[in-house]
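Biologist: Let us go through this model together, from the inside out. Keep the answers short.

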Amino acid sequence: MLLTSSNSKGINRLLNLSIYLCCLLIVFIAPGLVAADKEVVLKLAVLEGPKAARTVHGHKVWANAVEKASNSSIKVSLFPSRSLVSAKQMYDATANGLADVACISIGHYPGRFPFTESLSFPGSGISSPPIASEIIMKMYDKYPEMQKEFRAVKVLFFFGFAPMSIATVKKPVKTWNDLDGLRLRINHKGTANYLKTANVSPIFIPPPDIFLSLQKGIIDGSIMGWFGHHAFGTTKLANYFTEVPPVPGPFFSYIMNKRKFNGLSQKQKDALMSVSGYEGAKMFGQSGLKEIEVATESIRNDPNKEIISLTNAEINSWAEKAAEEQKIIIDRMKKRGYPIERFMQDVKDLVKAQK
């Protein structure tokens with residue numbers, strides 16, 4: 001069959017149209033494919049050392065989960081021991097992009113997140129890392145006041161640690177009255193005011209100085225989470241460890257630079273958030289249980305050391321004695337316009353529901 005000039009021109013027009021349409025497909029579709037497949041490396045700044053229980057059972061587990069969920073399109077480069085940025089600079093460093101992701105301790109920023117910090121009120125009764133982590137996530141979801149405090153970053157998730165424990169060298173603490181006269185290392189003003197009513201002398205010293213202070217008898221004991229007791233050597237010197245749910249534990253947040261998050265493809269964002277949010281909080285709640293197991297192993301195997309649990313009656317008594325400090329917090333936060341009474345009651349109701 002012979003092609004006429006008219007037929008030839010028609011075929012050429014069809015070919016040109018096909019080429020044009022293919023180009024349009026490349027222009028509009030290919031960038032999305034490239035973005036989804038492009039490997040992204042996130043710099044993660046954390047407080048703990050590379051062999052710490054929280055690093056091994058928390059940070060590394062989350063990093064591996066991110067890589068798996070994203071089909072290896074997101075890698076997490078871990079910077080332990082504050083090697084990328086100092087503890088008190090982590091929030092701003094992440095907001096400004098020096099770190100892509102950071103795990104910050106709320107306690108390192110007194111006054112900066114006042115509503116969130118109110119979660120650490122004496123007498124809440126939060127008794128385990130999973131409960132602490134679930135409660136702070138629910139509070140963040142419910143209260144815009146908390147969300148506003150972290151507006152400079154993308155919050156991936158929160159988690160918490162509990163119970164706190166009082167480590168003492170010579171005198172076991174089994175009742176509120178046993179606190180009388182003790183010199184205890186404390187790092188939270190609210191806890192200090194609370195325990196002063198038991199005639200405790202609160203002493204504020206940096207964690208690295210705890211061991212030597214105990215050794216020299218400058219302090220009788222220290223109040224920290226199990227992770228802290230293990231990390232700073234308290235478990236080697238102290239002989240008695242009393243778990244005290246009425247004393248507030250620390251809370252933490254995984255935060256991310258907004259620009260870095262927005263630069264991810266939608267598929268990568270979905271993958272990242274699938275192991276963050278409540279799933280991330282749950283992951284670190286389990287990490288907290290592992291931290292307790294690791295920290296208490298040497299104590300449980302030493303017949304000269306003792307882990308003390310308060311009786312239910314004693315826990316209730318300690319909680320009642322926290323009422324005055326709670327009132328101080330409520331009065332202060334109400335003056336600033338925060339719905340603090342409802343907030344604290346919600347926490348108590350969530351704790352009660354777990355029992």
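Modeller: One caution before we start: this is a predicted model. Asp 331 is a good entry point, as its relative accessibility of 33% makes it partly exposed.

Biologist: Which residue forms a salt bridge with Asp 331?

Modeller: Look within helix H15, residues 323-335. The partner sits 4 residues apart from Asp 331, about one helical turn. This partner is partly exposed at 46% relative accessibility. The closest N and O atoms are 3.2 Å apart, and the partner is Lys 327.

Biologist: Is Glu 134 buried, exposed or partly exposed?

Modeller: Glu 134 meets Lys 138 in a salt bridge at 2.8 Å, N to O. Both lie in helix H5. Buried would require under 20% relative accessible area, and exposed over 50%. Glu 134 has 28%, so the class is partly exposed.

Biologist: Which helix gives the largest share of the largest nonpolar core?

Modeller: That core has 76 residues, and Phe 150 is among those with the most contacts inside it. Phe 150 touches Tyr 140, Ile 104 and Phe 158, among others. The largest share is 7 residues, from residues 129-142, which is helix H5.

Biologist: Which strands stand at the edges of the open sheet?

Modeller: The sheet has 6 strands with mixed pairing. Inside it, S5 and S8 pair in the antiparallel sense over 5 bridges, with Ile 166 bridged to Ile 223. An edge strand has a single partner, so one side is left without a neighbour in the sheet; the two are S7 and S11.

Key
Residues numbered from 1 in each chain as written. Predicted model: local features only at pLDDT ≥ 70, side-chain atom pairs only at ≥ 80, totals over all residues. Heavy atoms only, no water. Core = buried A, V, L, I, M, F, W, Y, C linked by side-chain atoms within 4.5 Å. Buried < 20%, exposed > 50% of the residue type's maximum accessible area, 1.4 Å probe, protein only. Contact = heavy atoms within 4.5 Å. Pairing = 2+ DSSP bridges. Salt bridge = Lys/Arg side-chain N within 4 Å of Asp/Glu carboxyl O. Lists of a residue's contacts leave out its neighbours within four places in sequence.
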